[in-house]
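Here is a short tour for anyone who likes to read a model with the coordinates open. Please have a look at the structure first, and then follow along.

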There are 2 protein chains.
Amino acid sequence: MHPPHPAPTFDVLAKYLLSKGDFTADDLRHIQAATLLRPLRKRQYLLHAGDVDMYHGFVAQGCLRTYTVDAKGGEHIIYFAPENWWAGDQESLASGQPSRYNIDAIEDSTLLLIKRDDFVRLRQELPVFNSVINAILYRGFMASQTRIHAAISYSAEEKYREFLHHFPGLALRIPQHMVASYLGMTTETLSRIRNRLK
Amino acid sequence: MHPPHPAPTFDVLAKYLLSKGDFTADDLRHIQAATLLRPLRKRQYLLHAGDVDMYHGFVAQGCLRTYTVDAKGGEHIIYFAPENWWAGDQESLASGQPSRYNIDAIEDSTLLLIKRDDFVRLRQELPVFNSVINAILYRGFMASQTRIHAAISYSAEEKYREFLHHFPGLALRIPQHMVASYLGMTTETLSRIRNRLK
DNA sequence: CGATTCTTTGAAAACAGTCAATCTGTGTGG
DNA sequence: CCACACAGATTGACTGTTTTCAAAGAATCG
């Protein structure tokens with residue numbers, strides 16, 4: 001089970017960017033020059049907790065997760081990054097401090113990496129890129145707000161329904177215990193909820 | 001119980017801004033020209049759910065809350081804005097859509113309002129202002145992440161400890177049922193936790 | 001003070017977590 | 001290709017935590 005053909009991976013990012021802003025062919029060339037193709041097999045890491053994140057990763061294919069591991073070994077998934085999402089610890093990238101999070105691949109995946117410094121440079125050189133990235137951060141912020149609302153307001157069952165709605169199809173692709181972890185409940189609880197729902 | 005002297009309210013914002021970026025006296029004058037002094041008494045609203053948010057509000061004094069009301073009349077506090085925080089629904093401000101949230105004063109408060117359009121203009125005209133605002137949004141995003149982590153990983157007691165740590169002193173100022181609402185638990189549960197802790 | 005708002009307490013019920021066993025599918029190496 | 005190991009999902013019985021409902025006690029404000 002390999003990621004399919006290696007070739008037109010940058011096209012996924014180009015298409016994504018063009019859907020968000022008016023990039024010229026030249027802009028895209030500059031961006032492409034800064035990207036690095038990185039296939040990641042299932043269970044391989046993009047970032048280990050304790051390391052400093054050096055890359056912004058755009059997921060062209062597959063799915064990654066960002067998570068912590070607590071004292072008892074329990075994993076808590078902060079977020080998922082399927083195709084057309086960005087992976088990386090913004091905090092570590094911005095501060096240069098070691099990350100609290102692990103990031104690894106849930107499925108065989110293909111990423112486009114942009115080095116921290118190149119990313120900063122691109123934002124300075126290309127105003128379109130900068131404003132698109134700002135918009136993305138913004139949407140991420142709004143999404144966090146929605147998730148906080150769900151976490152403090154909803155029952156386990158409502159959280160799961162909301163998840164199905166927010167990530168259509170994702171629940172079918174990824175292991176259930178990860179969905180449970182993302183929602184802040186145990187696998188068993190999620191299993192029983194799913195049972196009730198059908 | 002009135003907000004004290006009316007006079008040097010803008011100074012609070014000026015001081016705040018100067019601590020975050022290199023503003024010239026002229027920059028500050030421009031910003032001041034766009035601000036509107038708005039005292040808010042306890043329980044008065046800055047924004048009603050269903051309305052479009054027209055103002056960015058800087059809290060010079062007091063404390064506001066942003067919250068939703070569910071079908072059963074339960075309130076869920078999304079966040080608190082004490083002195084030197086911003087209040088306002090970013091989503092509504094950015095999109096022009098009606099807000100899902102209510103924002104009101106928990107204490108008698110003093111706000112400096114900046115109209116939506118003026119805010120956008122200031123960001124365009126003053127690069128310092130723009131980058132400071134970006135940094136603030138950024139920190140807000142990081143804080144959301146931390147809060148999500150707490151919400152899905154911690155027990156009720158751990159959440160309360162974390163709250164005390166994150167908002168030192170705030171638990172003493174605001175009603176406990178609001179802290180409970182913010183943490184996603186009932187007043188009774190929080191009361192019992194506090195009892196255990198002492 | 002009287003009224004309202006807020007907090008505490010108790011008992012019962014609902015809910016989610018834990019532990020352990022079983023069941024299922026998938027991939028690997030022989 | 002089969003057998004086995006392994007990761008993942010389900011189920012049941014039990015425990016523990018949190019909610020709910022109801023009532024009573026503080027504290028605050030006008």
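One definition helps before we start: Ala, Val, Leu, Ile, Met, Phe, Trp, Tyr, Cys and Pro count as nonpolar, Asp, Glu, Lys and Arg as charged, and the others, Gly among them, as polar. With that in hand, the surface near DNA strand D divides into 3 nonpolar, 8 polar and 4 charged residues. Keep in mind that this is a predicted model.

**The two DNA strands**

Let us stay with DNA strand D. Its surroundings hold 15 residues, of which Q176(A), S191(A), A156(B), M185(B) and T189(B) come nearest. At least two residues each are supplied by α8 (176-183) and α9 (187-197) of chain A, and by α9 (187-197) of chain B. The most comes from α9(A), with 6 residues.

Now turn to DNA strand C. Here 15 residues lie around the strand, and those that come nearest are A156(A), M185(A), T189(A), Q176(B) and S191(B). The elements that each give at least two residues are α9 of chain A together with α8 (176-183) and α9 of chain B. The table sets the two surfaces side by side.

| Surface | Element giving the most | Nonpolar, polar and charged residues |
|---|---|---|
| near DNA strand D | α9(A), 6 residues | 3 nonpolar, 8 polar, 4 charged residues |
| near DNA strand C | α9(B), 6 residues | 3 nonpolar, 8 polar, 4 charged residues |

**How the chains are related**

What turn lays chain B on chain A? A turn of 180 degrees does, with a shift of 0.0 Å along the axis and an RMSD of 0.0 Å. That is the relation of a two-fold axis. In chain B, F141(B) has the C-alpha nearest the axis, at 2.5 Å from it.

**Where the chains meet**

The contact draws 23 residues from chain A and 23 residues from chain B. On the chain B side, β5 (75-82), α3 (90-95) and α5 (127-153) give two or more residues. The largest share of that side, 14 residues, belongs to α5(B). By type, the side of chain B that touches chain A holds 10 nonpolar, 10 polar and 3 charged residues. The copies meet through the same surface, because 100% of the interface residues of chain B are also interface residues in chain A.

**A closer look at α5(B)**

The helix α5(B) has 27 residues and reaches 39 Å from its first C-alpha to its last, close to the 39 Å expected at 1.5 Å a residue. Its buried residues are F129(B), S144(B), Q145(B), R147(B), I148(B), H149(B), A150(B) and I152(B).

Methods
Residues are numbered from 1 along each chain as its sequence is written. Chains are lettered from A and ligands numbered from 1 in the order in which they are written. This is a predicted model: local features need pLDDT of at least 70, side-chain atom pairs count only at pLDDT 80 or more; totals for chains, interfaces and linings use all residues. Two residues are in contact if their C-beta atoms, placed from the backbone, lie within 7 Å. A residue is near a molecule or strand if its C-beta atom, placed from the backbone, lies within 6 Å of it. The expected span of a helix is 1.5 Å times one less than its number of residues. A residue is buried if 20 or more other C-beta atoms lie within 10 Å of its own, exposed if 12 or fewer, and partly exposed in between; C-beta atoms are placed from the backbone. Copies are superposed by least squares on the C-alpha atoms of residues with pLDDT of at least 70 in both.
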